[in-house]
Amino acid sequence: MSGISDTERMITLKTVEGTLFDVKSSIAKDLKTVQAFIDDSDDDVTSPIPLPNVFTRELSRILDYLNNHHRFRSGIEKADEEMARYDAEFAKSMSHEELKALILAANYLNVKDLLEFLNQTVADVIQNKSVEFVRNFFGIENDYTPEEEEKLRNENEWAFNGVEQD
Amino acid sequence: MEEASASGNHSYSGSPITNIAQDHLLTILLLLPIDAIFSLSMTCKRLRAITSSDTLWKYLCKRDLGSSCVDALINSNSSSSSSSSIHNNNHHNNHHQFSWMRLYKQVYKMDSVTCHRFSEPQHGQLDFPSARASHSLNFVSNCLVLFGGGCEGGRHLDDTWVAYIGNDFRSMLRWQAVNSTSPSGRFGHTCVEMGDFLVLFGGINDRGNRQNDTWVGQVTYNENHSVAFSWKMLDVGAVAPPPRGAHAACSIDDKRMLIHGGIGLHGLRLGDTWVLEFSDSRCFGTWHQIVAQPSPAPRSGHTLTCIGQSRTILFGGRGLGYEVLGDVWMLDTCQGYLKWVPILYDLQGIPHSVSLPRVGHTATMVLGGRLLIYGGEDSYRHRKNDFWVLDVSAIPCTSMQHSTMSSSKRVKDKNMWKRWRSSGYEPLCRSFHRACVDHSGRFLYVFGGMVDGFLQPAEPSGLRFDRELFLVELVLQLRD
């Protein structure tokens with residue numbers, strides 16, 4: 001145990017389905033919730049850390065993102081373009097359901113950079129869309145009466161001047 | 001592992017995604033254009049409450065109107081005498097009495113200006129700048145600064161005038177002549193605000209000599225609280241752009257100034273682009289030329305305006321064949337290099353667009369991200385007194401930076417140009433006047449220029465030089 005440097009240590013995470021993931025402690029640092037657990041523990045963490053709110057699909061995506069971003073950052077300069085391309089592909093590869101699930105997981109695990117990226121992705125998705133689309137995306141129930149809705153549409157008309165919706 | 005709610009999840013009924021903490025939702029809101037924010041507000045009552053927050057709208061005003069504009073609005077509201085409204089007593093650190101959402105809406109919907117005339121100087125009063133055109137007029141350190149210009153008989157002027165703009169400027173504006181070394185007399189020079197400094201370049205004198213010297217000026221306050229102005233020639237080393245006048249210039253950022261075109265030696269119209277980069281101390285600068293294709297055609301009497309984020313817009317002018325131009329170009333940074341990008345627009349469906357090409361007009365950034373174009377001469381050699389607005393947010397974003405106002409907003413072409421109405425004092429038709437705007441972006445000061453004479457308006461001999469200072473106001477109702 002002694003003599004092993006921090007960056008070589010491996011942490012094991014367990015998802016809802018019971019799948020185990022071995023993660024380098026340098027990557028685990030980006031999962032702030034996990035890091036807080038490690039910091040709070042008196043002894044070294046040897047047994048797998050259970051994540052009762054995180055599913056395999058999401059954790060796999062998050063680790064994929066973090067591993068790639070660590071690789072881009074530690075490499076030679078021109079990685080900015082490669083990173084942008086990776087991010088674009090990453091966003092495109094998910095359905096809206098998967099995107100929402102990933103936000104919840106990233107929020108729970110407190111992965112700052114990924115959350116910023118996902119926020120922007122959501123903003124890009126809901127721009128230029130109808131109110132109905134936005135409701136469906138977030139799974140929101142409409143609690144307005146048709147009259148109230150009509151009144152609001154008229155009040156807010158000015159903000160939609162000159163914008164074409166998808 | 002316990003369910004550490006790192007971001008404070010609440011167990012509301014409703015979809016899990018909207019249960020995410022309010023500040024996370026606010027982060028997403030600040031990435032959205034306002035129409036998307038209103039779409040969100042119309043999904044359900046809870047989201048409407050969140051998106052109506054005055055704090056959110058203050059951030060949106062800062063984002064879309066700029067911090068300096070927001071600060072200027074807060075200052076102008078607190079300095080004017082008024083009784084406090086009961087409405088905002090709950091906000092203990094807010095002194096404002098207006099709603100930020102209402103303000104944003106007013107700015108967004110604005111489509112007219114109101115003009116005011118400053119009181120006429122009494123005949124024989126000496127402390128007022130004489131009639132002139134192709135001078136420079138700037139707003140810097142809370143003062144108007146005027147220099148040089150041309151007047152009757154093709155003579156040049158070399159006087160500098162300063163007027164302090166306080167809160168009571170409408171009733172009390174006094175020009176003061178400045179007695180100090182100044183650049184030699186000239187007209188058709190440019191003078192650009194860069195922070196607290198003015199940077200002057202080029203110009204033509206009445207012997208027809210084009211200049212290429214660079215001067216830096218600053219407002220100074222004397223012990224007796226009167227204002228003065230001091231000029232100093234800038235050391236630029238061996239390299240300088242060829243001498244010229246009637247070129248265009250503007251700042252790119254707080255260290256760099258851009259110039260383009262103008263009329264050079266032997267009366268030739270130029271189409272070159274140069275950048276002046278200042279040292280940290282502002283004691284010297286270095287000129288270098290930008291060679292890029294494509295690039296705006298040679299021209300004079302056009303305008304360059306900085307629109308923020310190191311982007312600048314070029315408009316109009318008179319070309320090599322003496323024709324009046326109406327093209328729009330943007331200078332932007334692409335992969336570390338400055339590049340000219342033509343901005344194409346369709347004139348179909350824009351009323352009065354036949355008079356859009358201009359020379360000798362002014363183009364200034366005003367409140368709400370708009371380029372306000374006033375006056376100048378059109379293709380029919382008519383001097384104009386109309387106001388046109390180029391909506392900066394309608395210009396496609398070419399750089400990699402993400403822009404909230406325009407990135408994926410598909411805007412119909414006709415929204416890029418709009419003609420605004422004007423009420424109040426009707427200004428004379430003029431060209432080669434000068435204009436500058438204050439920090440709030442709501443007040444545009446216009447001085448001088450060539451206006452139609454009384455004998456025969458269309459003939460060149462019918463023109464006269466003007467000495468009028470007037471104000472163009474973008475009217476905002478600050479009290480609820």
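Is Y86(A) buried or exposed, going by its relative accessibility? Y86(A) counts as buried, because its relative accessibility is 15%. The cut-off for buried is under 20% relative accessible area. The model discussed here is predicted.

**Aromatic pairs**

Over all chains, a search of the whole structure turns up 25 aromatic pairs. One of them joins Y65(A) and Y86(A): the ring centres are 6.3 Å apart and the planes meet at 45°, so this pair is tilted. Y65(A) belongs to helix α3 of chain A, residues 56-74, and Y86(A) to helix α4 of chain A, residues 79-92. The pair therefore ties together parts that lie 21 residues apart in sequence. Y65(A) is buried, with a relative accessibility of 2%.

Chain B offers another example. F38(B) and W57(B) have ring centres 5.6 Å apart and planes at 40°, so this pair is tilted. F38(B) sits in helix α2 of chain B, residues 34-41. W57(B) sits in helix α4 of chain B, residues 54-65. The pair thus ties together parts 19 residues apart in sequence. F38(B) counts as buried at 5% relative accessibility. W57(B) is buried too, with a relative accessible area of 0%.

The two pairs are set out below.

| Pair | Centre distance | Plane angle |
|---|---|---|
| Y65(A) and Y86(A) | 6.3 Å | 45° |
| F38(B) and W57(B) | 5.6 Å | 40° |

**A cluster and two charges over rings**

Which residues form one aromatic cluster with Y65(A) and Y86(A)? They are F72(A), F90(A) and F117(A). F72(A) also has a charged neighbour: the charged end of R71(A) sits over its ring, 5.2 Å from the centre. Elsewhere in chain A, K129(A) lies over the face of F133(A), at 5.1 Å from the ring centre.

**Cysteines**

How many disulfides are there over all chains? The count is zero. C69(B) is in no disulfide, and the nearest cysteine sulfur, that of C61(B), is 8.0 Å away. Why is that pair not counted? A disulfide needs two cysteine sulfur atoms within 2.5 Å, so a sulfur 8.0 Å away does not qualify. C69(B) counts as buried, at 4% relative accessibility.

C436(B) is likewise in no disulfide. The nearest cysteine sulfur to C436(B) is that of C191(B), 10 Å away. C436(B) counts as buried, because its relative accessibility is 2%.

Methods:
Residues numbered from 1 in each chain as written. Chains lettered and ligands numbered in written order. Predicted model: local features only at pLDDT ≥ 70, side-chain atom pairs only at ≥ 80, totals over all residues. Heavy atoms only, no water. Buried < 20%, exposed > 50% of the residue type's maximum accessible area, 1.4 Å probe, protein only. Phe/Tyr/Trp six-rings, centres within 6.5 Å; stacked < 30°, edge-to-face > 60°. Helix = DSSP H or I, 4+ residues; strand = E, 2+ residues; numbered from the N terminus. Lys NZ or Arg CZ within 6 Å of the ring centre and 35° of its normal.
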